[in-house]
Amino acid sequence: MKDEEAGNRLGSYLRARRELVAPAQAGIPSGGNRRVPGLRREEVALLAGISPDYYLRLERGRDKNPSPQVLESLARVLQLDDIERAYLLGLAAARPRAPRRKRPEHVPARVHELLAHLEIPAFVEGRAFDVLASNPMAVALSPRLRPGQNRLRSLLLDPEEQAFHQDWTKATAHFVAALRTTIGDDTDDPRFVELVGDLALSSQRFRTLWARHDVRSLDGGTTTVHHPVVGELRLHRDKLPVEDVILVVYYPDKDSDSDEKLRLLAALSDTESARTARDDSADAPHPKPP
């Protein structure tokens, strides 16, 4: 996390966002010899009603205490939505803090019980999208939902997971933006540092998206996936916080085509589990009769 390590997260965010605003979007003629993508610094300053010198100090980290009014003006010029605006205000409000001792992410026993009773795909994820627990239907939906997997790493680097998503491009953009939101000011968290460093080395797609500084929440929604056995599934997704972890459930519309396919997948999963149990029993050593 190079920009975070440099201690200028506010400036890095401002620079990344202004490069994404086309001059025409801001009402500025796009002709002429423009050497930078998006808006120039002086154009942002003019539109926000602040001096170019002051805006330059903000981007370069020389002034880390802009007023809320200045930030609101910059959010308007940079065309930030509510989540991005809140993130910008949070960057300016962040203050140095003592390192916190991180507690290991723990799945409560009652959540394991709940997973065992749910007949729809369900799993528990940590803040960095690590799969901490899952039920058989989740694994039947995608083997990448086994405990120990990382959802973002699978999405970016596993060809089967890439084929699984109908709109992989959109999914990766949403996941990376959600990761940046989740990290917040926990830039010293070893798990975040490890994951971002790993993906920055191994995925060009991640490097491109990370440089955009997009932020968003990845909560509920609807997604379409391509299962290799039952075909296309349209599923709703809900994320439910439980203490320090998140319970994720996928479910179809009742009596829909996807509902029927998910029931078929459950039956196939039960059959496979029964066959595996029989094979394990046959391979196990049997005691000799007396």
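**Exercise 1. How many bridges join strand β1 to strand β5, and in which direction do the two strands run?**

Before we start, please keep in mind that this is a predicted model.

*Step 1.* Find strand β1 at residues 122-125 and strand β5 at residues 245-251. Between them you should count 4 bridges, and the two strands run antiparallel.

*Step 2.* Take one bridge as a check: V124 has L247 as its bridge partner in β5.

*Step 3.* Now widen the view. The order β2-β1-β5-β4-β3 describes an open sheet of 5 strands with antiparallel pairing. At its edges are β2 (131-134) and β3 (221-227), each of which pairs on one side only. From one strand to the next, the twist averages 30°.

*Step 4.* Finish with the helix on this sheet. Helix α7 (residues 109-117) lies across β1, β2, β4 (231-242) and β5, and runs at about 155° to β1.

**Exercise 2. Classify the ring pair Y13 and Y87: is it stacked or edge-to-face?**

*Step 1.* The structure holds 4 aromatic pairs. In this one, the ring centres of Y13 and Y87 are 5.1 Å apart.

*Step 2.* Their planes meet at 65°, and over 60 degrees counts as edge-to-face, so that is the class of this pair.

*Step 3.* Place the partners: Y13 belongs to helix α2 and Y87 to helix α6 (residues 82-93), so the pair links distant parts of the chain, 74 residues apart.

*Step 4.* Check burial. Y13 has a relative accessible area of 0% and is buried; Y87, at 12%, also counts as buried.

**Exercise 3. Do the same for F206 and W210, then find which charged end sits over the ring of W210.**

*Step 1.* The ring centres of F206 and W210 lie 5.3 Å apart with planes at 20°, so this pair is stacked.

*Step 2.* Both residues are in helix α13 (residues 204-212); because they are 4 residues apart, about one helical turn separates them. Both F206 and W210 are buried.

*Step 3.* The charged end over the ring of W210 is that of R180, 3.8 Å from the ring centre. For another example, look at R144, which lies over the face of F164 at 5.7 Å from the ring centre.

**Exercise 4. Describe the surroundings of R17.**

*Step 1.* Locate R17 in helix α2 (residues 9-18).

*Step 2.* Its relative accessible area is 8%; because this is under 20%, R17 is buried.

*Step 3.* Leaving out residues up to four places away in sequence, R17 touches L78, L80, E84, R212, H213 and D214.

*Step 4.* Look closely at R212: its backbone oxygen lies 2.9 Å from a polar atom of the R17 side chain.

Definitions and conventions:
Residues numbered from 1 in each chain as written. Predicted model: local features only at pLDDT ≥ 70, side-chain atom pairs only at ≥ 80, totals over all residues. Heavy atoms only, no water. Buried < 20%, exposed > 50% of the residue type's maximum accessible area, 1.4 Å probe, protein only. Polar contact = N/O pair within 3.5 Å; in protein donor to acceptor, adjacent residues only side chain to side chain. Contact = heavy atoms within 4.5 Å. Phe/Tyr/Trp six-rings, centres within 6.5 Å; stacked < 30°, edge-to-face > 60°. Lys NZ or Arg CZ within 6 Å of the ring centre and 35° of its normal. Pairing = 2+ DSSP bridges. Axes fitted to C-alpha atoms, helices over the stretch in contact; angles between N-to-C directions.
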